[in-house]
Amino acid sequence: RLKLAAAYMEQDSYGLAEEQAEIALRLNPSEAGAFYVIGLSQFKQDNNKEAIENLTKAIDAEGQVAQFYQDAYVALARAQEADGDQEAALASLDKAIDFGPENALILYERGQMYERQENFTYAAMDYGWALSYVPSYQPARDAFARIQEEHPDDWEEAVDLLESTASPSDGAPQPEDANQ
């Protein structure tokens with residue numbers, strides 16, 4: 001049922017995907033993947049509150065691999081941001097990064113979120129971290145260069161912070177209002 005749900009997700013048939021995942025959940029009430037697919041389907045259908053609830057259930061399930069939790073936290077962050085909870089969304093992306101700080105795609109996504117919040121220093125830091133792991137990642141290169149050009153003071157502060165911090169999950173100094 002989950003494979004069928006995933007196929008429906010690939011075809012943008014979110015209602016059908018949700019149906020199949022709910023059947024899988026009835027067959028196995030502790031199936032984390034079912035909560036994940038239901039949450040993704042709900043998010044794609046703009047049911048953010050329900051998506052947050054189901055994605056949280058997926059995250060709370062034990063016994064999954066790190067990649068599952070990364071994906072679930074990223075999906076949760078997207079739903080939280082869409083629901084207007086920027087602080088929770090950033091916290092969810094932080095948790096996703098904790099499961100694999102070298103994931104350039106998640107660092108880039110968090111950088112985009114910081115940029116939407118006009119926190120250009122932390123956006124540039126995340127783009128810089130992404131580039132430290134995948135130097136050829138063009139979206140991060142473009143974003144890093146854009147901030148350098150449009151917000152040079154923030155970019156310089158980001159470079160200083162990058163030089164003084166060992167990794168993106170290593171307790172980089174965070175201002176009190178970084179998540180606002």
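These questions and answers walk through a predicted model.

Visitor: How many salt bridges does the count come to?
Guide: Side chains of opposite charge can pair when their charged atoms come close. The rule asks for a side-chain nitrogen of Lys or Arg within 4 Å of a carboxyl oxygen of Asp or Glu. By this rule, the count of salt bridges is 7.

Visitor: Take the salt bridge between Arg-78 and Glu-109. How many residues apart in sequence are the parts that the pair ties together?
Guide: The two side chains meet at 2.6 Å, N to O. Arg-78 belongs to helix α5 (residues 66-82) and Glu-109 to helix α7 (residues 104-116), so the pair ties together parts whose separation in sequence is 31 residues.

Visitor: Is Glu-109 buried or exposed?
Guide: Buried means under 20% relative accessible area. Glu-109 has 13% relative accessibility, so Glu-109 counts as buried.

Visitor: And what is the relative accessible area of Arg-78?
Guide: Arg-78 is the partner of Glu-109 in the salt bridge. Arg-78 is partly exposed, and its relative accessible area is 39%.

Visitor: Which helix holds Asp-126, the partner of Arg-110?
Guide: The side chains of Asp-126 and Arg-110 form a salt bridge at 2.6 Å, N to O. The pair ties together parts that are 16 residues apart in sequence, because Arg-110 lies in helix α7 and Asp-126 in helix α8 (residues 120-133). The helix that holds Asp-126 is α8.

Visitor: Are Asp-126 and Arg-110 buried or exposed?
Guide: The cut-off for buried is under 20% relative accessible area. Asp-126 has 2%. Arg-110 has 7%. Asp-126 and Arg-110 are buried.

Visitor: Which residue is linked with Arg-110 and Asp-126 in a network of salt bridges?
Guide: Arg-110 and Asp-126 meet in a salt bridge. The network they belong to also includes Asp-94.

Visitor: Which residue in helix α9 pairs with Glu-115?
Guide: Glu-115 is buried, with a relative accessible area of 17%. Its partner is partly exposed, at 31%. Their side chains meet in a salt bridge at 2.7 Å, N to O. Glu-115 lies in helix α7, so the pair ties α7 to helix α9 (residues 138-150) through Arg-146.

Visitor: How many of the 17 residues of α5 are buried?
Guide: Helix α5 reaches 24 Å from its first C-alpha to its last, close to the 24 Å expected. Its buried residues include Phe-68, Tyr-73 and Leu-76. The helix is largely enclosed by the rest of the structure, because the number of its residues that are buried is 12.

Visitor: Where is Asp-12, a residue with a positive phi?
Guide: Asp-12 is not a glycine, yet its phi is about 60 degrees. Asp-12 is exposed, at 52% relative accessibility. Asp-12 sits in the loop between α1 (2-10) and α2 (14-27).

Visitor: What is the phi of Asp-46?
Guide: Asp-46 is in the loop between α3 (32-44) and α4 (48-60). Asp-46 is exposed, with a relative accessible area of 65%. Asp-46 is not a glycine, but its phi is positive, at about 65 degrees.

Visitor: Which helix is the place of Glu-163?
Guide: Glu-163 helps form a negative surface patch with Asp-153, Glu-156, Glu-157 and Asp-160. Glu-163 counts as exposed, at 65% relative accessibility. The helix, residues 152-164, is α10.

Notes: Residues numbered from 1 in each chain as written. Predicted model: local features only at pLDDT ≥ 70, side-chain atom pairs only at ≥ 80, totals over all residues. Heavy atoms only, no water. Helix = DSSP H or I, 4+ residues; strand = E, 2+ residues; numbered from the N terminus. Buried < 20%, exposed > 50% of the residue type's maximum accessible area, 1.4 Å probe, protein only. Patch = residues over 30% accessible without salt bridge, like charges linked within 9 Å, V, L, I, M, F, W, Y side chains within 5 Å. Areas by Shrake-Rupley, 256 points an atom, 1.4 Å probe, with all protein chains shown as cover. Lys, Arg positive; Asp, Glu negative; His and termini not counted. Charge placed at Lys NZ, Arg CZ, Asp CG, Glu CD. Expected span 1.5 Å × (residues − 1).
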